[in-house]
Amino acid sequence: MAGKQQSNEPNFVAVDVGGTKILGVLADRRGVIRARERLPTPRTDNPAEIVEAIEGVIEAVLKEEDLSHRDVTAIGVAIPGVVDPKKGTIVRTPNSCLSGVHLVPRLESRFGCRVILGNDCNLGTLGEVWLGSARGAKSAMGIFVGTGIGAGFAQKKKIWRGAREVAGEIGHIVMEIGGPLCGCGNRGCFEALAGRAAIERDIRDAVAKGESTLLTEILDGDLSVIRSKALKQALEKGDPLVERIMRRAAEIIGYACLTVRHLLDPEWIVLGGGVMEACGDTLWPTIQAVVNSDQLPGARERGGLCLSALGDDAVVLGAVAIAARKVGINVFKSLRNIKYPCVEECHPGSITIAGKQYEEDVVILSHGRVKKASSKLVNESDAWLSEELLEMLTRGGVETVILGLGFDVKNTDISKIYEFFARRRISLLALPTPQAAIAYERSNTRRSAYFCVSR
């Protein structure tokens with residue numbers, strides 16, 4: 001790979017090796033993601049095939065930016081299991097065939113740079129502490145609810161890995177003695193009660209006993225695998241069975257948060273993972289109610305509970321952070337100012353940004369790129385934004401989101417949008433578009449914006 005001339009700015013590659021997908025990104029020391037590649041994880045018992053897929057994802061993000069191996073400063077790899085960062089070895093991956101693989105020597109030999117491994121939930125927590133919902137926290141616990149449940153604990157911007165590299169395995173605390181069998185072999189684990197696999201099991205058991213669910217229609221009668229997106233659809237349609245089972249899972253998650261609070265008392269508890277990503281705003285009131293019911297007060301009000309702001313990017317950004325640390329760069333001290341484009345003029349039907357006129361709604365992403373808005377306000381009666389647009393505005397370490405709601409906003413109700421961002425600890429300024437443009441120019445935070453000029 002020839003590549004372009006190497007610059008002095010370090011380039012970090014991060015890879016999140018999941019059970020169903022492998023996500024790779026190329027990012028700088030500020031956490032700005034410049035390229036990404038997502039591939040399905042090979043369904044195989046041959047570890048060499050998965051290692052080849054990891055290498056393929058790395059090659060793909062380099063190719064996207066026309067970079068060569070010599071342009072890579074370091075690589076961070078997130079693994080769903082127990083790893084030994086010092087030896088560069090994957091110790092145990094319960095849901096993968098990578099146990100025992102010496103991954104670091106292989107990748108260092110191929111790409112000619114330093115490589116570091118980390119547990120995926122540990123790195124997800126670190127990502128949230130760096131650029132997400134726990135930004136600035138002295139301590140934070142990340143709980144990631146997906147097929148199973150994992151977690152990580154960070155204190156003073158460093159992950160607490162434990163004496164045997166297995167700290168934070170909250171998914172396997174026993175919450176019901178003699179309860180359902182967990183994949184780890186124990187019974188009644190948190191994961192076996194509230195992970196997505198447990199939710200699927202409970203739904204299938206209820207259907208087998210004669211209860212009905214809209215999931216049968218949503219999934220064309222095949223309930224063998226119920227993804228988080230399908231659970232969200234059922235909740236949005238008011239499916240009584242799914243609502244009951246998800247409410248129970250939310251209660252259990254809430255009590256797990258209480259356990260974390262009483263054991264470690266972190267400043268922030270961040271809830272992430274596929275289930276929370278899809279259904280978190282629906283589950284939030286139940287989880288929050290349980291946490292608020294705590295009868296053991298602290299000495300002062302500080303921190304609390306929040307949803308992940310980074311989503312899928314939490315893990316890869318955590319991997320960027322450890323890759324940078326591997327070569328002596330502290331990303332927490334390297335947040336250089338991002339150069340944002342100037343919003344110069346805005347009128348009904350047009351907006352001028354950095355000398356270019358746009359005649360449609362636009363989004364300015366967290367790293368300063370201007371993009372035509374493919375998604376608009378989908379319901380003008382309550383000003384709710386599409387999922388695509390919310391994700392664009394939230395990602396990238398955003399501290400502030402600025403919404404230019406248009407030129408006629410007399411009856412615009414944005415209470416739901418405020419709640420969405422508040423749960424992720426992101427400040428929101430929602431104003432008529434001309435005032436929003438002024439607020440954007442005056443802001444000195446890491447920010448994103450949506451400017452509506454179509455109404």
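Below is a short working chat about the sheets, pockets and cavity of this predicted model.

Q: What should I know before reading numbers off this one?
A: The model is predicted, so local features need pLDDT of at least 70, side-chain atom pairs count only at pLDDT 80 or more, and totals for chains, interfaces and linings use all residues. Residues are numbered from 1 along each chain as its sequence is written, and side-chain values use heavy atoms, with hydrogens and water left out.

Q: Start with the sheet that has β3 in it. What is the strand order?
A: The order is β3-β2-β1-β4-β7, in an open sheet of 5 strands with mixed pairing. Strands are DSSP runs of E with at least two residues, helices are runs of H or I with at least four, and both are numbered from the N terminus. Two strands pair if DSSP finds at least two bridges between them.

Q: Why is one side of β3 and of β7 left without a neighbour?
A: β3 (33–40) and β7 (114–119) stand at the edges with a single partner strand each, so each has one side without a neighbour in the sheet.

Q: How far are neighbouring strands turned against each other?
A: By 15° on average, direction ignored. Axes are lines fitted to C-alpha atoms, for helices over the stretch in contact, and angles between N-to-C directions run from 0 to 180 degrees.

Q: And how do β2 and β3 pair?
A: Strand β2 (residues 21–27) pairs with β3 in the antiparallel sense, over 7 bridges. G24 has E37 as its bridge partner in β3.

Q: Which helices lie across that sheet?
A: Helix α1 (residues 47–64) lies across β1 (12–17), β2, β3 and β4 (74–79), at about 35° to β2. Helix α3 (residues 120–131) lies across β1, β4 and β7, at about 100° to β7. Contact here means heavy atoms within 4.5 Å.

Q: Switching to the sheet with β22. What is the order there?
A: β17-β16-β22-β20-β21, again 5 strands in an open sheet with mixed pairing. The edge strands are β17 (370–372) and β21 (427–431), each pairing on one side only.

Q: What joins β20 to β22?
A: 5 bridges join β20 (residues 400–404) to β22 (residues 447–451), and the two run parallel. T400 has R447 as its bridge partner in β22.

Q: Which strands does α11 touch?
A: Helix α11 (residues 387–394) packs on the sheet and touches β16 (362–364), β17, β20 and β22. The direction of α11 makes about 145° with that of β22.

Q: And where does α12 lie?
A: Helix α12 (residues 415–422) lies across β20 and β21, at about 160° to β21.

Q: What about β11 and β12?
A: Strand β11 (residues 268–272) and strand β12 (residues 304–307) run parallel, joined by 4 bridges. C306 in β12 is the bridge partner of V270. With helix α9 (residues 274–292), β11 and β12 make a right-handed β-α-β unit. Right-handed means that, with the strands pointing away from the viewer, the path from the first strand over the helix to the second runs clockwise.

Q: Pockets now. What is the volume of the second largest?
A: About 800 Å³. A pocket is an open set of points on a 1 Å grid over the protein atoms alone, with protein on both sides within 12 Å along at least five of seven lines; in a cavity a 1.4 Å probe fits but cannot get out, and lining residues have an atom within 4 Å of a point. Points are joined across faces, edges and corners, and the volume is the space filled by probe spheres set on them.

Q: Which residues are closest to the centre of the second largest pocket?
A: R261, D265, G298, R300 and R302, out of 24 lining residues. The largest share of the lining, 3 residues, comes from α9.

Q: Which residues line the largest cavity?
A: G81, N119, N122, E165, V166, A167 and E169. The volume of that cavity is about 30 Å³.
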